[in-house]
Structure formats: structure tokens, C-alpha cells
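Let's take a walk through this protein together. Please have the viewer open and follow along as we go from helix packing to charged pairs and then to a loop.

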Amino acid sequence: DARFFFEEDRKQPLEQRVPKLEDIVFQESLGSMKAKVDRIVALSQYLVEQLGLPQDQKDVALRAAYLCKADLVTHMVYEFPELQGIMGREYALTSGEPAAVAQAIYEHILPRHAGDAVAQSVPGAVVALADRFDTLVGCFAAGLIPTGSQDPYALRRAATGIVQTILRHGFSLPLTSVLRMAMQQYGPSWQARAEDVVHQVAAFIRQRLRVALIEQGCRHDLVDAVLAVEPDDLTEMARRTTQLNTLLDEPVFREAVRVFQRAANLAQQAETTEPDAGLFQTPEEQPLLEIVQEAQPVVKEAVAVGDWRRAIGALAGLGPAVDKFFDKVLVMDRDLAIRRNRLALLARVAGLFRTVADFSQLEG
């Protein structure tokens with residue numbers, strides 16, 4: 001039977017099967033599989049532009065995106081659904097498609113389950129991401145959100161696949177913008193709740209990243225601290241968290257946490273982070289502001305190049321000035337203007353720490 005199905009399927013090029021996807025329902029309220037393919041192509045186009053891929057990889061990704069679901073209307077996949085993607089690759093080759101396109105068609109279904117490989121080629125990864133982003137925003141928009149152990153559309157697996165694929169390739173993608181683009185492909189009738197859907201799906205994907213990082217050995221409060229300040233680039237979230245995690249037990253990190261906590265305890269009451277130097281009354285206030293101003297470009301440059309030890313060292317270096325300030329200055333002065341100004345100075349200190357992570361999330 002399989003030989004018969006295979007020989008019958010080979011009589012028609014894979015490309016000619018794409019229009020027949022109109023007859024397959026993706027999801028009752030979300031249209032046909034052909035409509036899904038159109039959305040995957042559009043989103044793949046957006047992704048290759050965001051990633052700045054060379055023209056040859058763009059061409060492969062867009063061709064694979066157009067053909068990626070065509071094997072669903074073959075006899076072989078109808079009889080053996082587990083061969084989806086595999087037969088797409090084989091029929092692409094027998095139809096004369098380039099080997100890179102055939103491989104990307106196969107890879108777009110990866111990973112299929114826990115422990116499965118992810119797409120190894122960049123075009124395959126692009127189509128895999130476009131497919132899963134489309135599924136997530138569509139299902140969330142339709143109210144098909146997983147609850148408890150119920151996840152009939154395998155959306156957790158789709159989100160995990162996105163995380164694994166992006167991290168495997170080190171893609172730097174603006175998560176919110178990608179989700180907005182995916183949502184736009186569903187047309188005007190779905191746009192009323194678009195921002196809510198984007199927010200929900202982004203949080204859903206971040207949660208899968210959080211789980212993955214904790215499973216890799218990162219401390220949960222550090223993961224939360226990084227996600228609070230770097231929520232839109234999964235690769236940067238993972239890189240920052242794993243590297244900061246290696247510094248957690250070092251004296252310089254503990255000193256940085258101590259300095260933050262001392263400043264942040266009162267800084268929460270501040271109304272602004274811009275102190276007025278003209279209101280300084282003691283010799284300790286101006287030096288504290290100056291050392292924060294000096295540390296700011298150092299921290300930002302260290303963050304930009306991923307030198308987390310240097311960034312943490314610069315934050316810890318605020319310690320002597322912060323300690324001297326608290327030893328000599330009464331923050332909660334009776335003069336309301338002086339009090340507000342000193343609170344703003346402390347808020348300026350605490351705010352610099354957010355360049356690295358939200359230290360208020362750290363425990364102990």
C-alpha cells in the first residue's frame with residue numbers, strides 16, 4: 001500500500017498540491033490550511049528581514065514556507081500522518097526542488113516532542129518559527145488557551161519549540177513585534193483584541209523560557225530579575241541570565257545586592273529619579289550623584305558587550321559612597337523638598353541597577 005501511495009503521489013509535483021490545502025481546516029474559526037500557509041509565508045518574509053539573512057537563505061525559507069504543508073494532501077500522509085514533513089522533503093526532492101528547500105520543509109515540523117532535535121538549517125528554523133508563532137496567536141485569539149493539564153492544540157510544545165529554536169540559532173528577534181506581525185496576518189476582524197493576544201502569547205513564551213533556564217540550573221529569582229528588564233529578546237534573556245548566574249556566589253555580586261538593597265529600601269518612596277543638585281545640603285550628596293553619573297556609561301557599555309562581571313563590579317563600586325551617604329545624611333529630613341530630593345538621589349542609584357536586572361526580584 002505504501003509503495004502504491006508513494007508512486008501515485010509522485011505523479012503530481014508538490015507545488016500543485018498547495019491550492020488543495022483550501023479543503024483542509026486548520027481550525028474551525030481560523031480558516032483553512034491554505035490560509036495558514038499564506039500567513040506562514042508572510043511571517044517568514046518578516047523574519048528573514050528582521051534577521052538580515054542573505055538572499056539565498058531568504059529564497060530557500062520563502063519557498064519552503066510556501067510548500068511546507070503541501071504533503072498534507074498526499075495519499076501517504078493521509079494514511080500515515082506521522083510522516084508529515086518527512087514526505088514533504090521526499091516529494092520536494094522528486095519534484096525537483098533544491099535540497100535546501102526540501103530539508104527546510106522537513107525541519108519546519110521540528111521539534112516534534114520533548115527531546116527531539118530542532119531545525120539545524122536557518123531557513124528551516126525560520127519556517128518552524130513562523131508556523132508556531134502563527135499557531136499560538138491564532139489559538140489564543142480564538143480562546144483556545146491551555147488550562148491546567150488541558151492543551152489539545154499542543155501550544156506549550158509550540159512555545160517550547162520557539163524557545164529551543166531561537167536559542168539554538170542565537171536569533172535576536174523582537175518578540176512583541178513578531179507577535180504583532182503574526183496577529184496582523186489574521187485580518188481586520190481579529191484586530192480588536194490584538195494587543196491583548198500579543199501580551200498573553202509573549203508571557204506564555206517567556207514562561208517556557210523561564211522553565212528552560214531553571215532546568216539548566218539558573219536560580220529562579222535571577223531569571224525573574226532578568227525577564228523584568230529584558231522581556232523582548234529571548235536570546236539576550238538567556239545569555240544574560242546564564243552568565244549572571246555564574247557570578248551569584250561571588251563577593252562582588254553579593255556587594256552589588258547589598259548596595260542595591262540599602263538604596264532601594266527608601267528609594268521606593270521617591271517621586272522622581274532626577275535629584276536637583278541645587279537642593280543638596282551636605283558634603284555627601286554631590287559626590288554620590290557624581291559617582292552614579294560616572295558609573296552609568298560604564299555599566300551601559302558593559303551591558304552592551306555582555307561583560308557582566310564589569311557591570312556588576314561598577315554597581316558594587318557604588319558601595320562606599322552609598323554607605324557614607326547613609327552614615328552622614330538624614331534622608332527623611334523635615335523639609336519636604338530636601339527629603340524628596342534625597343529620595344530622588346537614592347532612586348537614581350537604585351535605577352542604575354535596572355540596567356542589568358531588577359534586583360528587587362532577588363531573594364536573600
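What follows is a short tour of this structure, which is a predicted model.

A good place to begin is the meeting of two helices. Helix 7 spans residues 122–141 and helix 9 spans residues 175–184; their axes come within 9 Å and cross at roughly 70 degrees. Angles of 65 to 115 degrees count as roughly perpendicular, so that is the description that fits helix 7 and helix 9. The crossing of helix 7 past helix 9 is right-handed. If you zoom in on the contact, you will find F133, V137 and A141 on the helix 7 side, facing L175, V178, L179, A182 and M183 from helix 9. Sorted by class, this contact has eight nonpolar residues, with no polar and no charged ones.

Charged side chains appear elsewhere, and the count of salt bridges comes to 29. One of them joins R112 and D116, with an N to O distance of 2.8 Å. How do these two partners differ in accessibility? R112 has 31% relative accessibility and is therefore partly exposed, whereas D116, at 15%, falls under the 20% cut-off and so is buried.

Another salt bridge pairs D224 with R210, whose closest N and O atoms are 2.6 Å apart. Here D224 belongs to helix 11 (residues 220–227) and R210 to helix 10 (residues 194–215), so the pair ties together parts that are 14 residues apart in sequence. D224 is partly exposed, at 23% relative accessibility.

Within a single helix, you can look at R258 and E255, whose side chains meet in a salt bridge at 2.9 Å, N to O. Both residues lie in helix 13, three residues apart, which is about one turn of the helix. R258 is partly exposed, with a relative accessible area of 31%, and E255 is also partly exposed, at 25%. Salt bridges can also link up into a network, as they do for K36, R39, K69, D131 and D134.

Our last stop is T282, in the loop between helix 13 (251–267) and helix 14 (285–305). Its relative accessibility is 21%, so T282 counts as partly exposed. Which residues does T282 touch, leaving aside its neighbours within four places in sequence? The contacts are with V329 and R342. To get a sense of distance, compare T282 with E107: they are 175 residues apart in sequence, and their C-alpha atoms are 65 Å apart in space.

Definitions and conventions:
Residues numbered from 1 in each chain as written. Predicted model: local features only at pLDDT ≥ 70, side-chain atom pairs only at ≥ 80, totals over all residues. Heavy atoms only, no water. Helix = DSSP H or I, 4+ residues; strand = E, 2+ residues; numbered from the N terminus. Buried < 20%, exposed > 50% of the residue type's maximum accessible area, 1.4 Å probe, protein only. Contact = heavy atoms within 4.5 Å. Axes fitted to C-alpha atoms, helices over the stretch in contact; angles between N-to-C directions. Parallel < 35°, antiparallel > 145°, perpendicular 65-115°, else oblique. Left-handed = near helix turned anticlockwise from the far one by under 90°. Nonpolar A, V, L, I, M, F, W, Y, C, P; charged D, E, K, R; others polar. Salt bridge = Lys/Arg side-chain N within 4 Å of Asp/Glu carboxyl O.
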